[in-house]
Amino acid sequence: MCIRDRLYTEQNVYRYRVQQAGTVSDVDMTVTQPTNPAQLTLITCAGWSEEHEMYMNRLVVQADLEEVFPLAQTRRTGSLLALLEGIR
């Protein structure tokens, strides 16, 4: 899987690469455990059940940090898009 995305904060830009994505049971808490090295883990609801009127699964996406650079660096270039195109 080679999906990349960026997370922006007030000070930095973080670039992540998705390593895996899938669904787990709504009671599976193993995906909330710490990882080594640290990963970004996004979790949302999946698998709506009309019968139970609730989501039965969780969609989990885990990504590794690839790069961090200061947000101020993007301001100096004059074009955030140009900078981001340059780091692909």
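Reader: Hey, quick one to start: where is the place of D64?

Author: D64 sits in strand β4. Keep in mind that we're looking at a predicted model.

Reader: Got it. And how accessible is D64?

Author: D64 has a relative accessible area of 23%, so it counts as partly exposed.

Reader: Which residues does D64 touch?

Author: Leaving aside residues up to four places away in sequence, D64 touches R15, Y16, R17, Q19 and Q39.

Reader: How many residues apart in sequence are D64 and Y16?

Author: They are 48 residues apart in sequence, and their C-alpha atoms are 5.4 Å apart in space.

Reader: Let me zoom out. What does the secondary structure of the chain come to?

Author: There are 2 helices and 4 strands. Going along the sequence, you meet them in the pattern β-β-β-β-α-α.

Reader: What order do the strands take in the sheet?

Author: The order is β1-β2-β4-β3, in an open sheet with antiparallel pairing. The edges belong to β1 (4-8) and β3 (39-49), and each has a single partner strand, so one side of each has no neighbour in the sheet. From one strand to the next, the twist averages 35°.

Reader: What actually holds strands together in a sheet, in general?

Author: They pair through backbone hydrogen bonds, and the pairing can be parallel or antiparallel.

Reader: OK, so how many bridges join β2 to β4?

Author: 13 bridges do, and the two strands run antiparallel; β2 covers residues 12-25. If you want a spot to look at, find V13, which stands opposite F69 in β4.

Reader: And how many bridges are there between β1 and β2?

Author: That pair has 5 bridges, again in the antiparallel sense. V13 turns up here too, as the bridge partner of Y8. The link from β1 to β2 is a hairpin through 3 residues.

Reader: Switching to charges. How many salt bridges does the count come to?

Author: The count comes to 3 salt bridges. As background, side chains of opposite charge can pair when their charged atoms come close.

Reader: Which residues are linked in the network of salt bridges?

Author: R15, R17, E66 and E67 are linked in that network.

Reader: Can you walk me through the pairs?

Author: Sure. E66 forms a salt bridge with R15, with the closest N and O atoms 3.3 Å apart. E66 lies in strand β4 and R15 in strand β2, so this pair ties together parts that are 51 residues apart in sequence. E67 also meets R15 in a salt bridge, at 3.7 Å from N to O. Here E67 is in strand β4 and R15 in strand β2, so the parts tied together are 52 residues apart in sequence. Then there's E66 with R17, whose side chains meet at 2.6 Å, N to O. That pair links distant parts of the chain as well, with E66 in strand β4 and R17 in strand β2, 49 residues apart.

Reader: Is R15 buried or exposed?

Author: R15 is buried, because its relative accessible area is 10% and the cut-off for buried is under 20%. E66 is partly exposed at 31%, and E67 is partly exposed at 26%.

Reader: New topic: which residues form the nonpolar patch on the surface?

Author: The patch is made of W48, M54, Y55 and M56, and together they have about 370 Å² of accessible area. Strand β4 (residues 54-70) gives the largest share, 3 residues.

Reader: Where is M56 found, exactly?

Author: M56 is found in strand β4. Its relative accessibility is 31%, so M56 counts as partly exposed.

Reader: Last bit, the whole chain. What share of its residues count as buried?

Author: 22% of the 88 residues count as buried. The accessible surface of the chain comes to about 6400 Å², and 53% of that belongs to carbon and sulfur atoms.

Reader: And what share of the contacts is between residues 24 or more positions apart?

Author: They account for 52% of the contacts in the chain with a separation of 6 or more. For a picture of residues far apart in sequence, go back to D64 and Y16, 48 residues apart in sequence and 5.4 Å apart in space, C-alpha to C-alpha.

How values were computed: Residues are numbered from 1 along each chain as its sequence is written. This is a predicted model: local features need pLDDT of at least 70, side-chain atom pairs count only at pLDDT 80 or more; totals for chains, interfaces and linings use all residues. Side-chain values use heavy atoms; hydrogens and water are left out. Patches are made of residues with over 30% relative accessible area and no salt bridge: like charges are joined within 9 Å, nonpolar side chains (Val, Leu, Ile, Met, Phe, Trp, Tyr) within 5 Å. Accessible areas come from the Shrake-Rupley method with a 1.4 Å probe; for residues, only the protein chains shown count as cover. A salt bridge is a side-chain nitrogen of Lys or Arg within 4 Å of a carboxyl oxygen of Asp or Glu. Buried means under 20% relative accessible area, exposed over 50%, partly exposed in between (1.4 Å probe, protein chains only). Contact means heavy atoms within 4.5 Å. Two strands pair if DSSP finds at least two bridges between them. Axes are lines fitted to C-alpha atoms, for helices over the stretch in contact, and angles run from 0 to 180 degrees between N-to-C directions.
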